[in-house]
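Let us walk through this structure one helix at a time, asking what surrounds each helix and which way its residues face.

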Amino acid sequence: MEEEKQTFDADKAAVLVNELRETFSSGKTKSYEWRTSQLESISKMIDEKEKEIIEAVHKDLSKPELEAFVSEISMTKSSCKLALKVLKSWMMPEKVETSIATYPSSAEIVSEPLGVVLVLSTWNFPFLLSLDPVIGAIAAGNVVVLKPSEIAPATSTLLAKLLVEYADESAIRVVEGAVAETSALLEQKWDKIFFTGGARVGRIVMAAAAKHLTPVTLELGGKCPAVVDSNVNLQVTARRIISGKWACNNGQACIGVDYIITTKEFAPKLIDALRSVLEEFFGKDPMESKDRSRIINSFHFMRLINLLDEDKVSDKIVAGGQRNESQLQIAPTILLDVPEDSLMMQEEIFGPLLPIITVEKLEDSFNMINRKQKPLAAYLFSDDEQIKRKFVQNVFAGGIAINDTVLQITVPGLPFGGVGESGMGSYHGKYSFDAFSHKKAVLYRSFGGEAPTRYPPYTPGKQKQMKALLSGNLFNIILALLGWFKD
């Protein structure tokens, strides 16, 4: 009987949505005061529960404390702080110039909340990627349902507990569960769905949203390349690549470096530098290091092992390759010239395996990247200004960083989002506010400035006046009013 009571099905999902729609209809979430009070509560929650949050993330992923603090605590707190600091200006109507056709008039764009929104989160940064979009939804004045990932159960349970304690439960809810609960939620009509995860589930979310013409933001992933020129500071380059791979949730990051492209001539030097820095960061036996997250679960461990043990791949390992299934650990592994048709080069790796592909000339890498689906991020390490310009102009990606990895997402003025297979829509900073807002066009006119030209009967004189007016040429308009304008 108790088990039946706890089942979250489509009927319960419908009740939940209706309750939240009533809250939204009351107008309470539209006020500046409500929005800031909720953002302040979330900020307070992060401060007061920092230890519990870091412990939950460690339980799910064995994420090192410093890494968890930077990527989960600090980044979420920064989103809150920024929204609180500039929310008033985000909410202000944006003035727009009007045309002579509407003279005298004024116009503005009003940002209004979309309504009842659903945030479907993921497991690799389970706190940040749950709350960051929620912060944007609250800042925009929406009511929200958050569905954290069941693959990170400790963080999911903690979020459900904390948001009841700190947030307005009439407007912000958490639904825990797995496929059945997500399916029940996706059956409902939402005013926006924000999904973070893989392309396969992204398609399911988009298909469900299409039934109700619900707009979606899809934050997906893809194979993010790092192109390395031979003129780089090798030590700095190796450090920054490792930081954006193994020190970034052990490669389990949608913007992490998925593979490297460099020239045949330069590859041995780059491999030596990566080996050296890996030892500096993680010791002679990286399997003993406490400074790397573990693989999230057995399914993903075996998925990665299958990529590594494929016949045409297993002999390409030039560093690492050790694995420990009971610890869900795979050593940082570098591979050289993995075949293009291997599974490793066909799908997103999302783990501690790093293939290096060699080309004759660095410019060959541009076409190699563009032959694949557009990635969420692309990286270039080079001191050549011409190569940098070409890379930015010619490589298709959600975002680009030159001479670093991952840090582009920390710039609040830059949108974060994919293109094509790596996603649609963007967020971060004001882009989060905009992602959950409708931009309502408003024109204001008085009862003055009446122009009979616009009304029937349409005489030849009116036609000339209208053509002159719509031309936007002041001289033509004066001629038309004097009756001297000719077509």
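At the start of H2, which backbone nitrogen does a side-chain oxygen of Asp-9 reach? In this predicted model, the nitrogen in question belongs to Asp-11, and the side-chain oxygen of Asp-9 comes to within 3.2 Å of it. The helix that begins here comprises the 16 residues 10–25, which at 1.5 Å a residue should span 22 Å, and the 22 Å that separates its end C-alpha atoms agrees with this. Beyond the helix comes Gly-27, whose phi is positive, near 85 degrees.

The two sides of H2 can be described in turn. Ala-13, Leu-16, Val-17, Leu-20, Thr-23 and Phe-24 are its buried residues, and because they cover an arc of only 115 degrees around the axis, they lie on the same side of H2. These buried residues pack against four strands, E2 (105–113), E3 (116–120), E4 (143–147) and E5 (172–174), and against helix H8 (179–186). On the face turned away from the buried side, H2 carries the exposed residues Asp-11, Glu-22 and Ser-25, so that Asp-11, whose backbone nitrogen is approached by Asp-9, belongs to that exposed face.

Helix H7 can be read in a similar way. Its 14 residues, 153–166, reach 20 Å from the first C-alpha to the last, close to the 20 Å expected at 1.5 Å a residue. Buried in H7 are Ala-154, Thr-155, Ser-156, Leu-158, Leu-159, Ala-160, Leu-162, Leu-163 and Tyr-166. The elements that cover them include the helices H3 (32–48), H4 (50–61) and H6 (128–139), together with E4 and E5, two strands against which the buried residues of H2 also pack.

Conventions: Residues numbered from 1 in each chain as written. Predicted model: local features only at pLDDT ≥ 70, side-chain atom pairs only at ≥ 80, totals over all residues. Heavy atoms only, no water. Expected span 1.5 Å × (residues − 1). Buried < 20%, exposed > 50% of the residue type's maximum accessible area, 1.4 Å probe, protein only. Arc of directions from axis to C-beta. Contact = heavy atoms within 4.5 Å. Polar contact = N/O pair within 3.5 Å; in protein donor to acceptor, adjacent residues only side chain to side chain.
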